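Subject: Structure for your files

Hello,

Here is the structure I said I would pass on. My notes on it follow below.

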Amino acid sequence: MPAISKRPTVPVAKPLDVQWIHGSVSSKHNTDPDLQVYWYDDDTVILRQNKAIDYEAPFLFLLFGERRAVLLDTGATASEQYFPLRAVVDGLLQEWLARHSGEDDYGLLVLHTHSHGDHVAGDPQFVDRANTVLVGADKETAWEYFGFTNDPEATQAIDLGGRAVTVFATPGHDAAAVTFYDPWTGILFTGDTLYRGRLYIVDWSAYSRSVDRLIEFCRTHPVTHVLGCHIEMTSKPGVDYPVMTTYQPDEPPLEMTAEHLLALRCALDDVGPVPALRAFADFILWPEDEE
C-alpha cells in the first residue's frame, strides 16, 4: 500500500496558483492542451477541458488515497481521440504511484456531481479499465450506491484508503446532484449547484433546501474553497459570457468560499418563492422547467 503524507488536523487554504486555459480567439489555431492538469497538492488534481473541444469547458477532479483514487466527473466529450481523458488520468495515476511506490492493483473510482451530459460524456472510456468502479450518474444508480435512496438526508463517506471523501445529496439543479467534501484539503466540490455562472435551477424549492444544507455543513466543517465545475461569468459583476462562448479571456477565479453560499441564500430570499431569472455579482439564478 503506498504511503501518503500526513495532513494537519485542520486543512489550510492553499491559493490556486494557476492560469486556467480559457479558449482561443480562433479554435482553428488553438494550442491549449485537451485537458489542463493542475496539481493542487501532491494528492489532488484539478483538470479543465479545452473550450475548443467543448464550450462547456468543465472542471474535473482527481483525488488520491492509499488504495484508490476517485475521479469526479468525466467531462463533456465521449471521443478518446478528441478528449483523451482516460489516457491523461492513467498518466496521472502512474505519476502518483511512481512517487509513492504504489502497487499494480491500485484502484480507480469514477463518480459524478450530477447526471448532465457535460459531466458524464467520458464515462465509456473507463468501462473496460481494470481495477475500476464506474458508478452511473443517474439518480437511481448513484443514490443507491451512496445509500441515499431510502434516506436522502444521509451523509456517506467514500473511503479511498487513509482519505475519506464525504458525499451528500444536493438536488435542485439536477435530481441526482450531490456535493463532495474532502477533509484533507477542506475543498467543497459543488458541481453545478454553485459556481461563477448561470445557476440553472430545475426544482426551486429543492435547490433552496440544498443551499441551506450546504450552509449548515460549512458551519460544522472547515471549508477552504468552494469549487464548482464551470466558469461562465466575466470579471464584471453580474455579467456572464454568452452561452456557447469559446473564448473567455476575462474570467474570474474558479475558487469561491462559504461566504458565496450565504450570498446565494440571500439571492434566493431576494427573489422569493416564485422562480425568477435574476443576475447577482458572482452568479445568475436561472430557473428552468421541471425535468
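There are 14 aromatic pairs in this structure, which is a predicted model. One of them is formed by Trp 39 and Phe 64: the ring centres lie 5.8 Å apart and the planes make 15 degrees, so the pair counts as stacked. The two residues are 25 apart in the chain, with Trp 39 in strand E1 (residues 35-41) and Phe 64 in strand E3 (residues 59-64). Phe 64 is buried, with a relative accessible area of 0%, whereas Trp 39 is partly exposed at 22%.

Trp 39 also has a charged group over its ring: the charged end of Arg 99 sits there, 4.7 Å from the ring centre. A similar arrangement involves Lys 14, whose charged end sits over the ring of Tyr 40 at 5.3 Å from the centre.

The sheet around Trp 39 comes next. It is an open sheet of six strands with mixed pairing, in the order E1-E2-E3-E4-E5-E6. E1 and strand E6 (132-134) are at the edges and have a single partner strand each, so one side of each has no neighbour in the sheet. From one strand to the next the twist averages 15 degrees. E1 and strand E2 (residues 44-49) run antiparallel and are joined by six bridges; in this pairing Trp 39 stands opposite Val 45. Helix H1 (residues 85-100) packs on the sheet and touches E1, E2, E3, strand E4 (68-72) and strand E5 (107-111). The direction of H1 makes about 30 degrees with that of E1.

A further open sheet has six strands, ordered E7-E8-E9-E10-E12-E13, and its pairing is also mixed. Its edge strands are E7 (155-159) and E13 (255-256), each pairing on one side only. Within this sheet, E9 (residues 178-182) and E10 (residues 187-191) pair in the antiparallel sense over three bridges, and Phe 180 is opposite Phe 189 in E10. Phe 180 also belongs to an aromatic cluster, together with Trp 143, Tyr 145, Phe 146 and Phe 148.

Last, the helices. The axes of H4 (residues 204-220) and H5 (residues 258-271) come within 10 Å and cross at roughly 150 degrees, and the crossing is left-handed. Residues making the contact include Trp 204, Tyr 207, Val 211 and Ile 215 of H4, and Leu 261, Leu 264, Arg 265 and Leu 268 of H5.

Regards

Key. Residues are numbered from 1 along each chain as its sequence is written. This is a predicted model: local features need pLDDT of at least 70, side-chain atom pairs count only at pLDDT 80 or more; totals for chains, interfaces and linings use all residues. Side-chain values use heavy atoms; hydrogens and water are left out. Two strands pair if DSSP finds at least two bridges between them. Helices (H or I, at least four residues) and strands (E, at least two) are DSSP runs, numbered from the N terminus. Rings of Phe, Tyr and Trp (its six-membered ring) pair if their centres lie within 6.5 Å; planes under 30 degrees apart count as stacked, over 60 as edge-to-face and the rest as tilted. Buried means under 20% relative accessible area, exposed over 50%, partly exposed in between (1.4 Å probe, protein chains only). A charge sits over a ring if NZ of Lys or CZ of Arg is within 6 Å of the ring centre and within 35 degrees of the ring normal. Axes are lines fitted to C-alpha atoms, for helices over the stretch in contact, and angles run from 0 to 180 degrees between N-to-C directions. A crossing is left-handed if the near helix is turned anticlockwise from the far one by less than a right angle, and right-handed if clockwise. Contact means heavy atoms within 4.5 Å.
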